[in-house]
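Hello,

Here is the structure I promised to pass on. My notes follow below it.

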Amino acid sequence: MKKNETIAIIGLGYVGLPLAVEFAKFFNVIGFDINKKRISELKKGNDSTGELSCSELNNVSNFFLTNSESNLIEAEIFIVTVPTPIDGVNKPDFTALKEACKIIGKVLKKGDIVVFESTVYPGATNEICLPILEKISKLKFNIDFGIGYSPERINPGDKSRSIRDIVKVTSGSNETTADKVDSIYKKIIKAGIHRTKKIEIAEAAKVIENTQRDINIALMNELSIICNKLNISTKDVLEAAGTKWNFINLKPGLVGGHCIGVDPYYLTEKALQLGYKPELILAGRRINDSMPKYIVDEFLKFYLKKDCLKNSKKVLLMGITFKEDCPDIRNSKSLEIANLLIDYGFKLDIYDPVADLTKNILTKFNLIDELNPSDYCAIIIAVPHKEFKNLNLKNIKSICTKDPLIFDIKGIFPKNETSWSL
């Protein structure tokens, strides 16, 4: 590809924005998002996702930000990075993906290529996206335009692994398209490219990556439940087991967010369409989805056993994001814990210096800006932000009533100094 060719990135969230900035070092890039507020903040050099700094945004050339569909006519390559969540009954929600296809279809020209990075189940690119592109553009697939799939692998909040350092899986609808897809990603990916023979292989690779992690974390969560019943430390057990060279080093915890807690349902949906009901995948999902209730039930047991706490029902929850050092609260299991505590009649304060506090879902909670003394009977540390790890546990206890409960879910402090951890 030549320097003057133009790539359009459709969707400027955790995935799309870093991708757009990297491509802008080599090509003209149009960054498109339907969210006017998002475009406005990015033009001011502010990224609310925390993935890029103000200087990183302001130093980018060849990067045009817009929410106007008409500007997309200049692009020859379209890369779709819109969210693909699940609905209320854990079914894939392709609404944003379909809308992106409609937008691209209006401006698609002969010779153009559309690459999808959004997570889908195997076959969805051809079954869902392609018909929309053909219908609206009135162009012929693999004659007038090509499609590719290259699953996103960005780890939100991870500053040690940038997009450049993660191997990129690529695919194309024919050899010519696959070659072009490879050529553009090779410009920005230092770690290398893994080219698959079929689009469906690349689609499956993505959902399997996160499904594997989900199942293994579910195993750790089930192990932690058993260890707590045995009154032994899960952390100590894992340290001992980890001395074997082939032990998978994962820890128990809350599994939320828009990847690990979602992708298994995409794979399940496709399996059900094919007449097969997955057993292990759904079992892992049930365990991980049940952890907030398990934690709150354990908390209630401790609370009811301590007579000195019965005069207070005020609890401090530290951390509401879906993972550490990331502002995103989508599908946060910590928020599920908050809702359960309120349902049980506890008065709840929430402290999270990392979270994006502008979301409407947070308006019903009492959010505090700093840790001040109060009549807290307990503190639940739900998310292991670096800022929390740097706190002194003695100082944390000092803002509470005498002898408070300290539920340290991820065990960032010594177990003998807290009341409970997974």
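In which sense do strands β1 and β2 pair, and over how many bridges? The sense is parallel, and the bridges number five. Please keep in mind that this is a predicted model.

**The strands**

Strand β1 covers residues 6-10. Strand β2 covers residues 28-32. Helix α1, residues 16-23, joins them in a β-α-β unit, and that unit is right-handed. On its other pairing, β2 meets strand β3 (residues 63-66), again in the parallel sense, over four bridges.

Look at Phe 32 in β2. Its bridge partner is Ile 10. Phe 32 also stands opposite Thr 66 in β3. As for cover, four of the five residues in β2 are buried.

**The aromatic pairs**

The count of aromatic pairs is 13. One of them is Phe 23 with Tyr 185. The ring centres are 5.6 Å apart and the planes sit at 55°, so this pair is tilted. Phe 23 belongs to helix α1 and Tyr 185 to helix α6 (residues 175-188). The two are 162 residues apart, so the pair links distant parts of the chain. Phe 23 counts as buried because its relative accessibility is 0%. Tyr 185 is also at 0% and counts as buried.

Tyr 294 and Trp 420 form another tilted pair. Here the distance is 6.1 Å centre to centre, with 55° between the planes. Tyr 294 lies in helix α10 (residues 280-305), and Trp 420 lies in the segment after β13 (400-408). They are 126 residues apart in sequence, so the pair ties those parts together. Both rings belong to buried residues: Tyr 294 has 15% relative accessibility, and Trp 420 has a relative accessible area of 3%.

This pair is part of a cluster linked by ring pairs. Its members are Tyr 294, Phe 299, Phe 302, Tyr 303, Phe 346, Phe 407 and Trp 420.

**The surface**

Which residues form a nonpolar patch on the surface? They are Ile 226, Leu 230 and Ile 232. Together they have about 270 Å² of accessible area. Ile 226 lies in helix α7, residues 199-230. Why does Ile 226 count as partly exposed? Its relative accessibility is 46%, and the partly exposed class lies between the buried limit of 20% and the exposed limit of 50%.

Best wishes

Definitions and conventions: Residues are numbered from 1 along each chain as its sequence is written. This is a predicted model: local features need pLDDT of at least 70, side-chain atom pairs count only at pLDDT 80 or more; totals for chains, interfaces and linings use all residues. Side-chain values use heavy atoms; hydrogens and water are left out. Patches are made of residues with over 30% relative accessible area and no salt bridge: like charges are joined within 9 Å, nonpolar side chains (Val, Leu, Ile, Met, Phe, Trp, Tyr) within 5 Å. Accessible areas come from the Shrake-Rupley method with a 1.4 Å probe; for residues, only the protein chains shown count as cover. A salt bridge is a side-chain nitrogen of Lys or Arg within 4 Å of a carboxyl oxygen of Asp or Glu. Buried means under 20% relative accessible area, exposed over 50%, partly exposed in between (1.4 Å probe, protein chains only). Two strands pair if DSSP finds at least two bridges between them. A crossover is right-handed if, with the strands pointing away from the viewer, the path from the first strand over the helix to the second runs clockwise. Rings of Phe, Tyr and Trp (its six-membered ring) pair if their centres lie within 6.5 Å; planes under 30 degrees apart count as stacked, over 60 as edge-to-face and the rest as tilted.
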